[in-house]
Amino acid sequence: MSLWHRIIHPITQHFRQRRGQFLLQAFPDIARLKICDLGGSQHFWDKLGLDVPHDQITIYNISLAETQGIEDPAGQAAGRIRVLIYDGQHIPEPDHSYDLLVCNSVLEHVPPTQRAALATEMKRVARSVFCQTPANSFPIEPHFLMPFVHWLPRWLGFQLIKLSPWRLLSRPDAATIKEYWWGTRLLGSRELQALFPGTPIVGERVLGLTKSYYVVAQSTKRNNIAS
């Protein structure tokens, strides 16, 4: 494990557990729901602190490399989270195939021109949606742990992240630095609201500032899971 991950994992553990408690409050029956995790990983569920059976979760991701912690990509072993690769745009499932779709820290990595279509796809495939994304208004860019860099002109931010804790501690190659920076754009509350019109946005706050946004879009057509 790199020095970067040794430092960042305890931080993400704290926020994931808070996120887990929010999910439990929003979906008290989450342990019985059929869940689609869009762009997720097994270690995300391990950190949530929720007692959700892994065989009720299906991860859709664009690459197995993004699903850290998965030992059984085909989902063959009993109790393992099933992982399916998709094109990043169209989830190959019928309407309302899942009770809940979870999308955590993914939207900021989706090209802005594709975000509206993906949000529509989330609402199509699941009866309820929980979507979290870091807030552009928070002064520290969470992917690079560097203040204000995401508020600067993009070309200038690209130069500065080469001195970020992420760059110095994880030591990525030049291609990874370029891809990660130019493929990451944080959302503002107005853009997120436009993707989920009429749905309240909840702020995850740190020191009085909004660090992330939560969107919970719940359908009135939830199945009776207990039946």
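This passage walks through the fold, the nonpolar cores, one cavity and two individual residues of a predicted model.

To begin with the overall picture, the protein chain contains seven helices and nine strands. Its length is 227 residues, of which 45% count as buried. Contacts that reach far along the sequence are well represented: among those between residues at least 6 apart in sequence, 66% join residues at least 24 apart.

A good place to step inside is strand β4, where seven of seven residues are buried. On one side of the pairing pattern, β4 is joined to β1 in the parallel sense, over three bridges. Within this pairing, cysteine 36 has leucine 101 of β4 as its bridge partner. The strand β4 also runs parallel to β5, and here six bridges join the two. One of the residue pairs involved is leucine 100 with serine 128, the latter lying in β5.

These strands return in the description of the nonpolar interior. The largest nonpolar core has 26 residues, and those with the most contacts inside it are Leu38, Leu101, Leu107, Met122, Leu192 and Phe196. Two or more residues each come from β1 (35–38), β4 (98–104), α3 (112–125), β5 (126–134), α7 (189–195) and β9 (209–218). Of the contributing elements, helix α3 gives the most, with four residues. Leucine 101 offers a closer view of the surroundings: leaving aside residues up to four places away in sequence, it touches Cys36, Leu38, Ile91, Met122, Val125, Ala126, Ser128, Val129 and Phe130. Apart from this core lies another, made up of 21 residues, with Ile35, Val52, Ile59 and Val83 among them.

The structure also holds one cavity of 30 Å³ or more. The volume of the largest cavity is about 30 Å³. Its lining is formed by Pro134, Ala135, Phe138, Ile140, Pro142, Lys211 and Ser212. By residue class, this lining divides into five nonpolar, one polar and one charged.

Two residues from other strands are worth a visit, and methionine 146 comes up here with its setting in strand β7 (residues 146–147). Methionine 146 counts as buried because its relative accessibility is 15%, under the 20% cut-off. When residues up to four places away in sequence are not counted, methionine 146 touches Pro139, Ile140, Glu141, Leu160, Ile161, Leu163 and Ser164. Ile140, one of these contacts, also belongs to the lining of the largest cavity. Proline 165 is 19 residues from methionine 146 in sequence, and the C-alpha atoms of the two are 7.2 Å apart in space.

Isoleucine 201 is the other example, and its place is in strand β8 (residues 201–206). With a relative accessibility of 26%, isoleucine 201 counts as partly exposed, because this value falls between the 20% limit for buried residues and the 50% limit for exposed ones. Its contacts, again without residues up to four places away in sequence, are Ser189, Leu192, Gln193, Tyr213, Tyr214 and Val215. Leu192 appears in this list and is also one of the residues with the most contacts inside the largest nonpolar core. Between isoleucine 201 and arginine 190, the separation is 11 residues in sequence and 9.9 Å in space, C-alpha to C-alpha.

Note on methods: Residues are numbered from 1 along each chain as its sequence is written. This is a predicted model: local features need pLDDT of at least 70, side-chain atom pairs count only at pLDDT 80 or more; totals for chains, interfaces and linings use all residues. Side-chain values use heavy atoms; hydrogens and water are left out. On a 1 Å grid over the protein atoms alone, a cavity is a set of points where a 1.4 Å probe fits but cannot get out, and a pocket is an open set with protein on both sides within 12 Å along at least five of seven lines; lining residues have an atom within 4 Å of a point. Grid points are joined across faces, edges and corners, and a volume is the space filled by probe spheres set on the points. Ala, Val, Leu, Ile, Met, Phe, Trp, Tyr, Cys and Pro count as nonpolar, Asp, Glu, Lys and Arg as charged, and the others, Gly among them, as polar. A nonpolar core is a set of buried Ala, Val, Leu, Ile, Met, Phe, Trp, Tyr and Cys residues joined through side-chain atoms within 4.5 Å. Buried means under 20% relative accessible area, exposed over 50%, partly exposed in between (1.4 Å probe, protein chains only). Contact means heavy atoms within 4.5 Å. Two strands pair if DSSP finds at least two bridges between them.
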